[in-house]
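Welcome, and thanks for taking a look at this one. Please have the structure open beside you as you read.

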Amino acid sequence: MAKRPPNILFIMCDQLRFDYLGCYGHPTQRTPNIDALAAQGVRFTNAYVQSPVCGPSRMSTYTGRYPRSHGSTWNSFPLRVGEMGIGDYLRPLGVRTALCGKSHVVPDGEGMERLGVDRTTAEAKLMEQAGFELWDRMDGVHPAKGRAPSHYNDHLRAKGMEGESPWESWANAPEGDKGEALSAWHMEHANRPAKCPEEDSETAYTTDRAMAFIDDAGDQPWCLHLSYIKPHWPYVASAPYHDMYSEADVIPAHRSEAERENAHPFLAAFHDTRVAKVFNQPGVRERVIPVYMGLITQIDDHIGRLRAHLEATEQADNTLIVFTSDHGDYLGDHWLGEKDLFHECSVKIPLIVMDPSRDSDASRGTVSDALVESIDLLPTFIEACGGEVPDHIIEGKSLKPLLAGDTTPLREFVISEFDYSTRIARKTLNMPIADCRTQMVFDGRYKLINITGFRPMLYDLHEDPDEFTDLGTHPDYAQTITRLQGHLFDWALRHHSRVTMSDAAIEADFGSEARVGIFIGVWDEADEAEIHAAGHSNY
């Protein structure tokens with residue numbers, strides 16, 4: 001009898017830096033529940049996203065494939081029809097797979113129409129959500145003119161919070177002195193509490209809905225993608241999280257004047273953006289970062305609620321838990337705001353995996369410095385549920401060996417990609433849309449940034465862990481650059497699109513020409529007899 005698959009609780013935060021958790025060394029950030037999870041599982045210190053942007057990062061995590069493979073290289077770029085997601089792999093294994101929170105998936109409507117897909121069917125609904133059952137979707141930026149959440153606005157209205165977009169006028173509305181809703185887009189208001197009470201905030205609501213899904217799933221194995229939209233901007237928190245931290249908790253900006261002196265044109269273009277400039281203004285970091293930290297502690301508190309619910313429903317011992325983020329946040333480091341580029345605070349993420357199986361007892365409470373990627377999660381889930389990973393499609397590598405205590409490296413280097421065609425930097429640099437491509441290759445010490453049309457950037461993270469010194473023009477590092485470019489070239493030449501034929505299928509098909517009577521390079525009957533004897537076409 002087949003072993004019952006474990007449940008999978010796949011928690012992802014949005015724009016959470018790896019170093020803003022207690023277990024990752026932040027001096028004052030309080031995250032006891034996440035820290036406890038790390039103490040029961042494996043905490044990875046070299047986990048990297050495949051793009052430091054929400055949409056493409058998530059599409060890579062959901063498909064197990066790099067952006068250059070799945071093609072969704074920026075937010076709201078549709079994930080082409082036919083790309084398989086987590087649910088498409090786990091449902092055949094008997095696992096109910098659902099989304100609760102943010103996904104950023106945009107369906108390929110044109111592709112579905114071209115193929116004559118009836119979008120009212122259950123199958124089409126799964127296609128539209130990258131294979132997830134839509135339990136509750138809330139992508140986090142819901143102004144009145146934007147994409148509305150699936151259920152949340154109705155929830156707020158039922159609680160008496162009216163408006164065209166209650167998300168905008170309550171949940172993400174700082175409260176003014178007279179009770180009025182202020183604009184969350186104005187960061188000067190970040191220190192004010194949201195008008196929405198904490199129990200109805202995005203984080204609390206999404207946690208409530210997650211627990212409702214767990215109850216609804218009953219005895220069926222499940223995989224729940226619990227995707228919190230915080231601490232992503234707008235930087236607004238409900239009381240008491242809005243003032244839980246103060247200016248005293250704000251770490252000095254991680255930046256150097258040397259970064260702006262003779263800066264690479266690509267970096268200089270991003271230094272010149274509005275979001276970078278605002279974070280360089282006096283008082284902005286001091287206003288925003290305490291709220292950012294409060295939002296993280298709020299998530300931690302609700303993860304505590306969620307784990308208590310797993311205990312109460314007797315599912316804790318059979319639930320694999322993953323905690324991670326889709327990318328980081330500069331918060332003024334390196335003279336930048338937002339994310340997008342490849343400094344550690346943007347492209348490196350927290351990753352904690354707690355596997356309850358006995359196979360992982362040897363690694364419980366340990367720290368792994370192995371180079372891992374977000375695309376490694378999907379093959380880990382498939383293996384945990386007893387499936388076979390189709391490695392001609394999925395480009396990630398299962399973490400199961402590392403969870404079992406094996407210290408053999410999974411890879412020599414990690415890759416991340418960034419398409420800046422929609423950013424103002426394209427105009428600043430006067431680049432064609434098709435050439436707005438950048439890639440990072442990092443081998444654990446040296447980080448190369450390849451930028452189409454420009455010289456590469458290079459950082460030595462052993463000698464310069466701050467990433468302040470670009471060695472891209474230093475003659476002593478020419479061989480290092482060539483070596484890393486070779487890694488990138490080898491990666492680019494791998495199969496990224498042969499998704500319809502596995503290696504096993506090719507091997508099984510070998511010699512099929514002769515078997516159906518096709519003989520190439522034959523002179524006479526003796527040659528044909530030799531082909532039959534050999535069992536293949538022999539050319």
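What follows is a short briefing on selected strands, helices and cysteines.

The model is predicted, so please read every value below as computed from that model. Two strands make a good place to begin: strand 5 (residues 222-231) has ten of its ten residues buried, and strand 1 (residues 7-14) has eight of its eight residues buried. Elsewhere, an open sheet of four strands has helix 17 lying across it.

**The enclosed parallel strands**

- Strand 1 is largely enclosed by the rest of the structure, because eight of its eight residues are buried.
- Both faces of strand 1 are covered. Asn7, Leu9, Ile11 and Cys13 are buried on one side, while Ile8, Phe10, Met12 and Asp14 are buried on the other.
- Strand 5 is likewise largely enclosed by the rest of the structure, since ten of its ten residues are buried.
- Strand 1 and strand 5 pair in the parallel sense over six bridges. Two positions help you find this pairing on screen: isoleucine 8 stands opposite cysteine 223 of strand 5, and methionine 12 stands opposite serine 227 of strand 5.
- Strand 1 also runs parallel to strand 6 (residues 319-325), and seven bridges join the two. Here cysteine 13 stands opposite serine 325 of strand 6.
- Strand 5 is joined by six bridges to strand 3 (residues 96-101), again in parallel. In that pairing, alanine 98 stands opposite leucine 224 of strand 5.

**The antiparallel sheet and helix 17**

- Four strands form an open sheet in the order 10-11-12-13, with antiparallel pairing. Its edges are strand 10 (414-419) and strand 13 (457-460), each of which pairs on one side only.
- From one strand of this sheet to the next, the twist averages 15°.
- Strand 12 (residues 446-451) pairs with strand 13 in the antiparallel sense through four bridges, and lysine 447 stands opposite tyrosine 459 of strand 13.
- Helix 17 lies across strand 10, strand 11 (437-442), strand 12 and strand 13. The helix runs at about 65° to strand 12.
- Histidine 487 belongs to helix 17 (residues 478-492). Is histidine 487 buried or exposed? At a relative accessible area of 14%, histidine 487 is buried.
- Beyond its neighbours within four places in sequence, histidine 487 is in contact with Glu412, Phe413 and Val441.

**Helix packing and helix ends**

- Helix 1 (residues 32-40) packs against helix 12 (residues 284-312) at an angle of about 55°, and their axes are 7 Å apart. The two helices are therefore oblique to each other.
- On the helix 1 side, the contact is made by Pro32, Asn33, Ile34, Ala36, Leu37 and Gln40. Helix 12 contributes Asp300, Asp301, Ile303, Gly304 and Arg307.
- Helix 14 (residues 377-384) is mostly covered, with seven of its eight residues buried. These are Leu377, Leu378, Pro379, Thr380, Phe381, Ile382 and Ala384.
- Just after helix 14 comes glycine 386, which takes a positive phi of about 85°.
- Helix 20 (residues 525-534) has a polar contact at its start: a side-chain oxygen of aspartate 524 comes within 3.1 Å of the backbone nitrogen of alanine 526. At the other end, helix 20 is followed by glycine 535, whose phi is positive, near 80°.

**Cysteines without disulfides**

- How many disulfides does the model contain? The count comes to zero when a disulfide is taken as a pair of cysteine sulfur atoms within 2.5 Å.
- Why is cysteine 345 not bonded to cysteine 54? The sulfur of cysteine 54 is the closest cysteine sulfur to that of cysteine 345, but at 15 Å it is too far for a bond.
- Cysteine 345 is buried, with a relative accessible area of 6%.
- Cysteine 385 is in no disulfide either. The nearest cysteine sulfur to cysteine 385 is that of cysteine 223, 7.2 Å away.
- Cysteine 385 counts as buried at 7% relative accessibility.

Key: Residues numbered from 1 in each chain as written. Predicted model: local features only at pLDDT ≥ 70, side-chain atom pairs only at ≥ 80, totals over all residues. Heavy atoms only, no water. Polar contact = N/O pair within 3.5 Å; in protein donor to acceptor, adjacent residues only side chain to side chain. Buried < 20%, exposed > 50% of the residue type's maximum accessible area, 1.4 Å probe, protein only. Pairing = 2+ DSSP bridges. Contact = heavy atoms within 4.5 Å. Axes fitted to C-alpha atoms, helices over the stretch in contact; angles between N-to-C directions. Parallel < 35°, antiparallel > 145°, perpendicular 65-115°, else oblique.
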